[in-house]
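Please open the structure in your viewer and keep the sequence panel visible. The tour proceeds by selections, each followed by a description of what is found there.

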Amino acid sequence: MCIRDRNDVIKMPDEVLKKLGGRRVIRTEELEKGLVLESDRMLANRIGFIEGEKINSRLVLDSLGRNAQRISFHLLPCHALERGQQLQAREPEDVRFKTAGIVTRYKGEYYLLLQRAIRVYSHGNFGN
């Protein structure tokens, strides 16, 4: 697969979609249309930043240079969030995290229960 433009749509290959089966995973196409969830979904391997402190934290997805709308989720208190916040507090700049978790909707707002937040090192490839 060749990406000619940084805003080209990157689609999941059909064989990967078959392996996922009926799992409810948030796909890039859904994010581009604007996020509207009818039921809980998995957010898997998405890069983002943890913003805010304590109970007012949000995960803001990073578009990595693509022309995409800014999507964020309220973060529910959990151990993965606590570790991410501790790591962010030790660093002078924003830290990118590869995240996974369950997204749910409550009173029109989206909430994410982090199951994983792993620091991503850019090695100077991406400006921050």
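The tour begins with the whole chain, continues through the strands and one helix, and ends at a single residue.

**Before selecting**

This is a predicted model, in which local features need pLDDT of at least 70 and side-chain atom pairs count only at pLDDT 80 or more, while totals for chains, interfaces and linings use all residues. Residues are numbered from 1 along each chain as its sequence is written, and side-chain values use heavy atoms, with hydrogens and water left out.

**Select the whole protein**

Display the chain as a cartoon. The protein has 3 helices and 5 strands, where helices (H or I, at least four residues) and strands (E, at least two) are DSSP runs numbered from the N terminus. Followed from the N terminus, their order is α-α-β-β-β-α-β-β. Of the 128 residues, 30% count as buried; buried means under 20% relative accessible area, exposed over 50%, and partly exposed in between (1.4 Å probe, protein chains only).

**Select β1 (41–51) and β2 (58–61)**

These strands pair in the antiparallel sense over 4 bridges; two strands pair if DSSP finds at least two bridges between them. Show F49 and then V60 in β2, its bridge partner. The two strands form a hairpin with 6 residues between them. In its turn, select G52, which has a positive phi of about 90°.

**Add β4 (96–106)**

β4 also pairs with β1, in the antiparallel sense and over 8 bridges. To see one partnership, select R46 together with T99 of β4.

**Add β5 (109–120) and β3 (72–75)**

How many bridges join β4 and β5? There are 11, and the pairing is antiparallel. Within it, T104 has Y111 of β5 as its bridge partner. The hairpin of β4 and β5 has 2 residues between the strands, and K107 there takes a positive phi near 50°. Now turn to β3, which runs parallel to β5 and is joined to it by 2 bridges. Here L75 stands opposite L112 in β5.

**Select α3 (79–90)**

This helix has 12 residues and reaches 17 Å from its first C-alpha to its last, close to the 16 Å expected at 1.5 Å a residue; the expected span is 1.5 Å times one less than the number of residues. Which residues of α3 are buried? They are A80, L81, G84, L87 and Q88. They lie on the same side of α3 because they cover an arc of only 125° around the axis, the arc being that of the directions from the helix axis to the C-beta atoms. An α-helix has 3.6 residues a turn, so residues three or four places apart point the same way.

Color the buried residues of α3, then show the strands β1, β3, β4 and β5, against which they pack. Next, rotate to the face of α3 turned away from its buried side, where the exposed residues H79, A89 and R90 are found.

**Select D40**

D40 lies in the loop between α2 (28–33) and β1. Is D40 buried, partly exposed or exposed? It counts as partly exposed because its relative accessibility is 37%. Add I102: this residue is 62 residues from D40 along the chain, yet their C-alpha atoms are separated by 6.7 Å. Finally, show the side chains of D40 and T104, which are joined by a polar contact of 2.6 Å. A polar contact is a pair of N or O atoms within 3.5 Å; within protein, one must be able to donate a hydrogen and the other to accept it, and residues adjacent in sequence count only if both atoms are side-chain atoms.

Conventions: Contact = heavy atoms within 4.5 Å.
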